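Me: Walk me through this model, please. Keep it brisk.

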Amino acid sequence: LPCMDWYRLFQDHLGEISRMAEKSLACQNASGEVGVEGIVLHAGTTARYHSDDLAVPFRTLPHFGRFAPAPGADHILVFRPGETLRLAQVTPADYWEEPPRKPEHPFWDLLDILPVSSFQAGVAALGDVSGCAYLGSSPEAAAALRIPAQAVEPGRLLSALDWYRAYKTDYEVACIREANRIAARGHRAAREAAWE
């Protein structure tokens, strides 16, 4: 698998999941509930345990991660049919955070990346997205993006996108195979160490 053309695989993957997103938008718009022109996918926000400074482990919104496996919170991705995917990638500019290195992943070259220092800066960089649906866990983030409440995780859109997540692209299958190859090496090493 290391000799695979990951760039081509991910490029094809983006094309396939973009077609799935377009079909999902058509399903939402045909429902008569609320019409939307695109989808804003929010990676998610960080949370802290109550009365503590310890952060709850962060998990990216799965729909976001399918388009852009960028680690960390507060990234905003905009999908509009026929347009290049735009990603406001948040790198906090503060003393306590080590800035992430440029990821060794094709998404960096295939998306329109807007490096920003905060979620609010991402909102400003992306411009008007009020005609889009919002997918994510933060109604406050949707409000900051000026997305109306009825367009926050609309049912038909979310159901269609969830349905399509069951179908794996060649890129996703290759990632699963590679993860299993690495895991199998670890399992073999553990078995050998236990039986020595």
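Me: In what order do the elements of the protein chain run from the N terminus on?
Reply: Helices (H or I, at least four residues) and strands (E, at least two) are DSSP runs, numbered from the N terminus. The chain holds seven helices and five strands. Their order is α-β-α-β-β-α-β-α-β-α-α-α.

Me: What are the ground rules for the values?
Reply: This is a predicted model: local features need pLDDT of at least 70, side-chain atom pairs count only at pLDDT 80 or more, and totals for chains, interfaces and linings use all residues. Residues are numbered from 1 along each chain as its sequence is written, and side-chain values use heavy atoms, with hydrogens and water left out.

Me: What percentage of the residues of the protein chain count as buried?
Reply: Buried means under 20% relative accessible area, exposed over 50%, partly exposed in between (1.4 Å probe, protein chains only). The C-alpha atoms fill a box of roughly 65 × 40 × 30 Å along the principal axes. Of the 196 residues, the buried part is 37%.

Me: What share of the contacts with a separation of 6 or more comes from residues 24 or more positions apart?
Reply: Contact means heavy atoms within 4.5 Å. For the protein chain, the share is 66%.

Me: How many salt bridges does the structure hold?
Reply: Side chains of opposite charge can pair when their charged atoms come close. A salt bridge needs a side-chain nitrogen of Lys or Arg within 4 Å of a carboxyl oxygen of Asp or Glu. By that test, the count is seven.

Me: Which residue meets Arg8 in a salt bridge?
Reply: Look about one helical turn along helix H1 (residues 6-30), where the partner sits four residues from Arg8. Arg8 is partly exposed at 41% relative accessible area. The partner is partly exposed too, at 40%. The N to O distance is 3.0 Å, and the partner is Asp12.

Me: How far apart in sequence are the parts that Arg80 and Glu37 tie together?
Reply: Their side chains meet in a salt bridge of 3.2 Å, N to O. Arg80 lies in the loop between strand E2 (76-79) and strand E3 (86-90), and Glu37 in the loop between H1 and strand E1 (39-42), so the separation is 43 residues.

Me: Is Arg80 buried or exposed?
Reply: Its partner Glu37 counts as partly exposed at 44% relative accessibility. Arg80 has a relative accessible area of 14%, so Arg80 is buried.

Me: What is the closest N to O distance between Arg181 and Glu178?
Reply: The two are three residues apart in helix H7 (residues 170-194), about one helical turn. Arg181 is partly exposed at 32%. Glu178 is buried at 16%. Their salt bridge closes to 2.8 Å.

Me: Within what arc do the buried residues of H6 fall?
Reply: The buried residues of helix H6 (residues 155-165) are Leu157, Leu158, Ala160 and Leu161. Seen down the axis, they line one face of the helix. The arc is taken over directions from the helix axis to the C-beta atoms. It spans 165 degrees.

Me: Which elements do the buried residues of H6 pack against?
Reply: Two of the partners are helices and two are strands. They are H1, E1, helix H2 (62-67) and strand E5 (133-135).

Me: Which residue joins Glu172 in a polar contact of 2.7 Å between side chains?
Reply: Glu172 is in helix H7 and is buried at 12%. Beyond four places in sequence, Glu172 touches His13, Arg66 and Tyr167. A polar contact is a pair of N or O atoms within 3.5 Å; within protein, one must be able to donate a hydrogen and the other to accept it, and residues adjacent in sequence count only if both atoms are side-chain atoms. The partner is Arg66.
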